[in-house]
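Okay, thanks for having me, everyone. I'd like to walk you through a structure that's new to most of the room, so have a look at it first.

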Amino acid sequence: NNDSIVVDMKKVSKISSFSYLPRQDGNLQDMTDAYEFSTSVDGEHWTTVKGEFSNLRANPIELTIDLESARNARYFRFTPTRALEGHGASAAEINVK
């Protein structure tokens, strides 16, 4: 699966966490429960963390992931690596703080 959501924040900001809100329509299609989250200052060199969201099927709420250390980034990229059902990528919202 190579579907990614890439965001250009237009300026460099410090990011210490990100959140994922899965689709809220009751459909599990393309809802991701394993991911890669990457940040970049220049859009070419990326720092990536990998992880999983637990219990999304039973409790599809917004989940916040704290990064090990805050980092400067202009871009962030969210890449699903496993979906509950289907093979695509979906999200109601992805936010960074």
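What follows is a quick tour of the strands, the core, the aromatic rings and a few odd residues.

One thing to keep in mind throughout: this is a predicted model.

Let's start with strand 2, which covers residues 29-40. How many of its twelve residues are buried? Ten of them are, so strand 2 is largely enclosed by the rest of the structure.

And what does strand 2 pair with? Take strand 4 to begin with, residues 63-83: the two run antiparallel and share eight bridges. If you want to find that pairing on screen, look for Thr 39, whose bridge partner in strand 4 is Phe 76. Then there's strand 3, residues 47-52, also antiparallel to strand 2, with six bridges joining them. Ala 34 is a good place to look there, as it is bridged to Glu 52 in strand 3. Finally, strand 5, residues 85-90, pairs with strand 2 in the parallel sense, over two bridges. Met 31 has Ser 90 as its bridge partner in strand 5.

Strands 2 and 3 also make a hairpin, with six residues in between. In that turn, Gly 43 has a positive phi of about 80 degrees.

Staying by the turn, let's look at Trp 46. Where is Trp 46? Trp 46 is in the loop between strand 2 and strand 3. With a relative accessible area of 25%, Trp 46 is partly exposed, because buried would need a value under 20%. A polar atom of the Trp 46 side chain lies 3.4 Å from the backbone oxygen of Gly 43. What sits over the ring of Trp 46? That's the charged end of Arg 77, 4.0 Å from the ring centre. Beyond its sequence neighbours within four places, Trp 46 also touches other residues, including Val 6, Ser 38 and Tyr 75. To give you a sense of scale, Trp 46 and Gly 88 are 42 residues apart in sequence and 22 Å apart in space, C-alpha to C-alpha.

Now, the inside. As background, nonpolar side chains tend to be buried together in soluble globular proteins. Here, the largest nonpolar core has 16 residues. Which of them have the most contacts inside that core? Those are Phe 18, Tyr 20, Phe 53, Leu 56 and Phe 78. Strand 1 (5-21), strand 2 and strand 4 each put in at least two residues of this core, and the largest share, five residues, comes from strand 4.

Tyr 20 is worth a click. Setting aside neighbours within four places in sequence, Tyr 20 is in contact with quite a list, including Met 31, Phe 53, Leu 56, Phe 78 and Ile 94.

You'll have noticed plenty of rings by now. The count comes to ten aromatic pairs. One of them is Phe 53 with Phe 78, a stacked pair, 6.5 Å centre to centre with 25 degrees between the planes. Phe 53 is in the loop between strand 3 and strand 4, while Phe 78 is in strand 4, so this pair ties together parts that are 25 residues apart in sequence. Are these two buried or exposed? Phe 53 is buried at 5% relative accessibility, and Phe 78 is buried at 0%. Both also belong to one aromatic cluster, along with Phe 18, Tyr 20, Tyr 35, Phe 37 and Phe 76.

Right next to Tyr 20 in the sequence is Ser 19, which is in strand 1. Ser 19 counts as buried, at 6% relative accessibility. Its side chain makes a polar contact with the side chain of Glu 62, at 2.9 Å. Other residues that Ser 19 contacts include Leu 63, Thr 64 and Asn 95.

Last stop, two backbone oddities. Most residues other than glycine have a negative phi. Lys 10, in strand 1, has a positive phi near 70 degrees. Asp 30, in strand 2, has a positive phi of about 65 degrees. As for their surroundings, Lys 10 is exposed, with a relative accessible area of 63%, whereas Asp 30 is buried at 17%.

That's the tour, and I'm happy to take questions.

Notes
Residues are numbered from 1 along each chain as its sequence is written. Side-chain values use heavy atoms; hydrogens and water are left out. Buried means under 20% relative accessible area, exposed over 50%, partly exposed in between (1.4 Å probe, protein chains only). Helices (H or I, at least four residues) and strands (E, at least two) are DSSP runs, numbered from the N terminus. Two strands pair if DSSP finds at least two bridges between them. A nonpolar core is a set of buried Ala, Val, Leu, Ile, Met, Phe, Trp, Tyr and Cys residues joined through side-chain atoms within 4.5 Å. Contact means heavy atoms within 4.5 Å. Rings of Phe, Tyr and Trp (its six-membered ring) pair if their centres lie within 6.5 Å; planes under 30 degrees apart count as stacked, over 60 as edge-to-face and the rest as tilted. A charge sits over a ring if NZ of Lys or CZ of Arg is within 6 Å of the ring centre and within 35 degrees of the ring normal. A polar contact is a pair of N or O atoms within 3.5 Å; within protein, one must be able to donate a hydrogen and the other to accept it, and residues adjacent in sequence count only if both atoms are side-chain atoms.
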